[in-house]
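Colleague: Please take a close look at one part of this model for me, and then work outwards to what surrounds it. I work at the bench, so plain words are welcome.

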Amino acid sequence: MPALSADLVAAIKKSVSDGFDQQLAYTQKLIRFGGQRGEETEVQNFVFEQFAERGYDPVKFDMDEQVLSQHIGAGRFSATHSHAPIVVGTHKPKAQHAEGKSLILNGHIDVVPLGPVDMWKDEPYSARIEGDKLYGRGSGDMRSGHAANIWALDALKRIGLQPASEVILQSVVEEESTGNGTLMTHLKGYKADAVLIPEPVQEQLVRANVGVLWFQIEVRGRPVHVRAMGTGVNAIDASWKVVGALRELEAEWNDRHVSAQYFENEKHPLNLNVAIVNAGDWASSVPAWCRIDCRIAIVPGVKAKAAAEEIEKKVADYSRNDPYLSEYPPRVIWNGFYSEGYVLEPGSEAENLLRQAHKEATGQELTYQTSTAYLDARVHSLYDKIPALVYGPISGDIHGFDEWVSIESVKRVTVAMALFIAEWCGVEKI
């Protein structure tokens, strides 16, 4: 396929710029919908309407727990799993036999919890603009990228063009907790020659990504009145002993995988996070139960099942040597991510075209990163066996207070995306 002409490159850049005020307002609207886990139906209905208005013939479908549970990469369902629909729209080219290559544009609409709202400078879903920063939960991760998927296509449409091959737009939930949304699109049969996911990765391309496991440790104690504390067993104290054993495993994994490909420069890529603690019933009773929620990462090539078995064995081995826990062993409960990592092998045509598009949009060479956070691209990389390009805007404080995304970076990334789509998919007149 011939390279884009200088005139077409200039026209696409101008088109993105001409529509950017509307794109920014659209992104603000997405942020203001809010929607914590399980509350994404309203914003997904809005996305459905936006796809429909653009002629993408959208469909909605639910998570199928039975079907998902049979797939090796499915996250575990729990009481908090979202039941919001997945929304998929499809652009079809005019030509029956498209000249270009097909593409998935994937974005997750779910966001993480807010934490104490009084620690935010402003209302968390304010979508406030201050200088170059657009603030709000989800501004970076990843409603700005979600919007860019649509607006990169809109930029082509404004100059009378559309992709000359199929483009599948995916709006998913559960990216932040199980990965089941994107996996469900895979199980529904949506396929393409490449995928682009504009996560907030600082205008870099992700070369390698960890897998992630979520689990709970449930420990039972022996409740007594605090006046006789020495005769009981405090479940909270006992749970921290189990965490200590897991910290040993965390250190073992980091030592074991210090030379894993693309992780050589990561000082501590495999982080165990003790994230939620629930315990006890009464301040004057020694607590009879404690449940802790944990997250840990694994390097590409390590099977989720093998890692899970190591965790279960570590907990069992520790408990076997504890006088109380040997009688009342803790339970390990898998309640979310059960995913493996991936590597984007260098040299694909898709990567080369994105590199060119990035340089046209930014004037800079494309650089790379190893991601130690979960990414839905693992579905496309591991199970579709296609180039999975994670590339998106500069942002800060994602998952923290006062999350923000750089407005100028969103514009640059949208230009790069539009150029990439035109090159990868080809273009035809509307």
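**Two strands and their surroundings**

Modeller: Let's start where strand β2 (residues 86-91) meets strand β7 (residues 167-172): the two run antiparallel and are joined by 5 bridges. Bear in mind that this is a predicted model, where local features need pLDDT of at least 70 and side-chain atom pairs count only at pLDDT 80 or more, while totals for chains, interfaces and linings use all residues. Residues are numbered from 1 along each chain as its sequence is written, and side-chain values use heavy atoms, with hydrogens and water left out. Strands are DSSP runs of E with at least two residues, helices are runs of H or I with at least four, and both are numbered from the N terminus. Two strands count as paired if DSSP finds at least two bridges between them.

Within this pair, V88 is the residue that faces Q170 in β7. Both strands belong to an open sheet of 6 strands with mixed pairing, and its order is β1-β2-β7-β3-β8-β16. At the edges are β1 (59-61) and β16 (388-390), each of which pairs on one side only. On average, neighbouring strands of this sheet are turned by 20° against each other, direction ignored. For such angles, axes are lines fitted to C-alpha atoms, for helices over the stretch in contact, and the values run from 0 to 180 degrees between N-to-C directions.

Now for the helices that meet this sheet. Helix α5 (residues 139-158) lies across β3 (103-108), β7 and β8 (195-197), and runs at about 150° to β3. Helix α10 (residues 377-384) also packs on the sheet, where it touches β3, β7, β8 and β16; its direction makes about 165° with that of β16. Touching, or contact, means heavy atoms within 4.5 Å. One detail in α5 deserves a glance: M142 is in this helix, and the peptide bond leading to it from D141 is cis, with omega near -10°. Another backbone detail leads towards the edge strand β1: D57 is in the loop between α3 (41-53) and β1, and it has a positive phi of about 45° although it is not a glycine.

Further along the chain there is an open sheet of 3 strands, ordered β14-β9-β15, again with mixed pairing. Its edge strands, β14 (342-343) and β15 (368-371), have a single partner strand each, so one side of each is left without a neighbour in the sheet. Strand β9 (residues 205-209) runs parallel to β15, and 4 bridges join them; here N209 stands opposite S371. After β14 comes a loop leading to α9 (349-362), and E345 is in it. Leaving aside residues up to four places away in sequence, E345 touches R207 and E351.

What about the largest pocket? A pocket is found on a 1 Å grid over the protein atoms alone, as an open set of points with protein on both sides within 12 Å along at least five of seven lines, whereas a cavity is a set where a 1.4 Å probe fits but cannot get out; lining residues have an atom within 4 Å of a point. Points are joined across faces, edges and corners, and a volume is the space filled by probe spheres set on them. The largest pocket has a volume of about 1,200 Å³, and of its 42 lining residues the closest to the centre are V112, E176, W214, F337 and H399. The edge strand β15 supplies at least two residues of this lining, as do β10 (211-220), β11 (273-279), β12 (289-298) and β13 (331-338). The largest share, 4 residues, comes from β10. The lining divides into 17 nonpolar, 15 polar and 10 charged residues. Here Ala, Val, Leu, Ile, Met, Phe, Trp, Tyr, Cys and Pro count as nonpolar, Asp, Glu, Lys and Arg as charged, and the others, Gly among them, as polar.

The structure also holds 3 cavities of 30 Å³ or more, and the largest of them has about 40 Å³ of space. Its lining has 6 nonpolar residues, 2 polar and no charged. Helix α2 (20-33) and helix α11 (407-425) each supply at least two of these residues, and α2 gives the most, with 4.
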